[in-house]
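Here is a short set of exercises to work through with the model open beside you. Try each task before you read its solution.

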Amino acid sequence: MAVLAVRGAIQIDADDRDQILEATTELVTEVMTRNALTTDDVISVIFTATPDVTAEFPALAARKLGFHDVPLLCASEIDVPHALPRVIRLMAHIEADRPRSDIQHVYLRGATALRVDIAQ
């Protein structure tokens, strides 16, 4: 088994608790589905949000999805001028028996602009 990282991001329309939870749920679900993961495969997840996202912790959505025994952390992205607004990102550390090239990183909604080279 190797320790690998999976990245993902999603943009929300407004700093609204329901939007944060719904979008984070969508992002986490897509990361898990596209990479055929269960919570037992996940070592930890770091969530970040741009400074304009403060209405709720994105990690709460993961807890509601069953990430009860997985360490989760939320942090704020640095406030870079002209950065894409209202973005929630994640980096999940996983145990997997596959090459790094098989990992599918997930960029959804407006966040596809962050990584046009790999966004689906």
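**Exercise 1. Find the residues that UniProt annotates as "binding site", and work out where they lie in this predicted model.**

Solution. Start with the record: an unreviewed UniProt entry places the feature "binding site" at Arg7, Arg89 and Tyr107. Next, compare sequence with space. The three span 101 residues in sequence, yet no two of their C-alpha atoms are more than 8.9 Å apart, so they gather at one spot. Keep in mind that such annotations may be inferred rather than shown by experiment.

**Exercise 2. Place Arg7 and Tyr107 in their elements, and decide for each whether it is buried, partly exposed or exposed.**

Solution. First, the elements: Arg7 lies in strand β1, residues 2-11, and Tyr107 sits in strand β5, residues 106-108. Second, the accessibility. Arg7 has a relative accessible area of 31%, so it is partly exposed. Tyr107 has a relative accessibility of 3% and therefore counts as buried, the cut-off for buried being under 20%.

Third, look around Arg7. Leaving aside neighbours within four places in sequence, Arg7 is in contact with Arg89, Leu90, Met91, His105, Val106 and Tyr107. Among these contacts are Arg89 and Tyr107, which also carry the "binding site" annotation. Finally, a polar atom of the Arg7 side chain lies 3.3 Å from the backbone oxygen of Leu90.

**Exercise 3. Describe the surroundings of Gln11, also in strand β1.**

Solution. Begin with accessibility: the relative accessible area of Gln11 is 14%, so this residue is buried. Then list what Gln11 touches, not counting residues up to four places away in sequence: Leu84, Pro85, Arg86, Val87, Leu108, Arg109, Gly110 and Ala111. To finish, pick out the polar atoms: one in the Gln11 side chain lies 2.8 Å from the backbone oxygen of Pro85.

**Exercise 4. Characterise the largest cavity: what is its volume, and which classes of residue line it?**

Solution. Rolling a probe the size of a water molecule over the atoms shows where empty space is left. Count first: there is one cavity of 30 Å³ or more. The largest cavity has a volume of about 60 Å³. Now the lining, made up of Val28, Val31, Met32, Leu37, Val42, Val45, Phe47, Ala62, Phe67, Leu90 and Ala92. Two or more of these residues come from each of α1 (17-34), β2 (42-49) and β4 (87-96). Sorting by class gives eleven nonpolar, no polar and no charged residues. One residue of this lining, Leu90, is also in contact with Arg7.

**Exercise 5. Do the same for the largest pocket, then examine Glu56, one of the residues closest to its centre.**

Solution. The largest pocket holds about 170 Å³ of space. It is lined by 13 residues, and those closest to its centre are Ala49, Val53, Thr54, Glu56 and Phe57. Strands β2 and β3 (72-76) each supply at least two lining residues. By class, the lining has eight nonpolar, four polar and one charged.

Turn now to Glu56, found in the loop between β2 and α2 (59-64). Its relative accessibility is 17%, so Glu56 counts as buried. Not counting residues up to four places away in sequence, Glu56 touches Arg17, Ile20 and Leu21. With Arg17 there is also a polar contact between the two side chains, at 2.6 Å.

Definitions and conventions:
Residues numbered from 1 in each chain as written. Predicted model: local features only at pLDDT ≥ 70, side-chain atom pairs only at ≥ 80, totals over all residues. Heavy atoms only, no water. Helix = DSSP H or I, 4+ residues; strand = E, 2+ residues; numbered from the N terminus. Buried < 20%, exposed > 50% of the residue type's maximum accessible area, 1.4 Å probe, protein only. Contact = heavy atoms within 4.5 Å. Polar contact = N/O pair within 3.5 Å; in protein donor to acceptor, adjacent residues only side chain to side chain. 1 Å grid on protein atoms, 1.4 Å probe; cavity = no way out; pocket = protein on both sides within 12 Å on 5 of 7 lines; lining within 4 Å. Points joined across faces, edges and corners; volume = space filled by probe spheres on them. Nonpolar A, V, L, I, M, F, W, Y, C, P; charged D, E, K, R; others polar.
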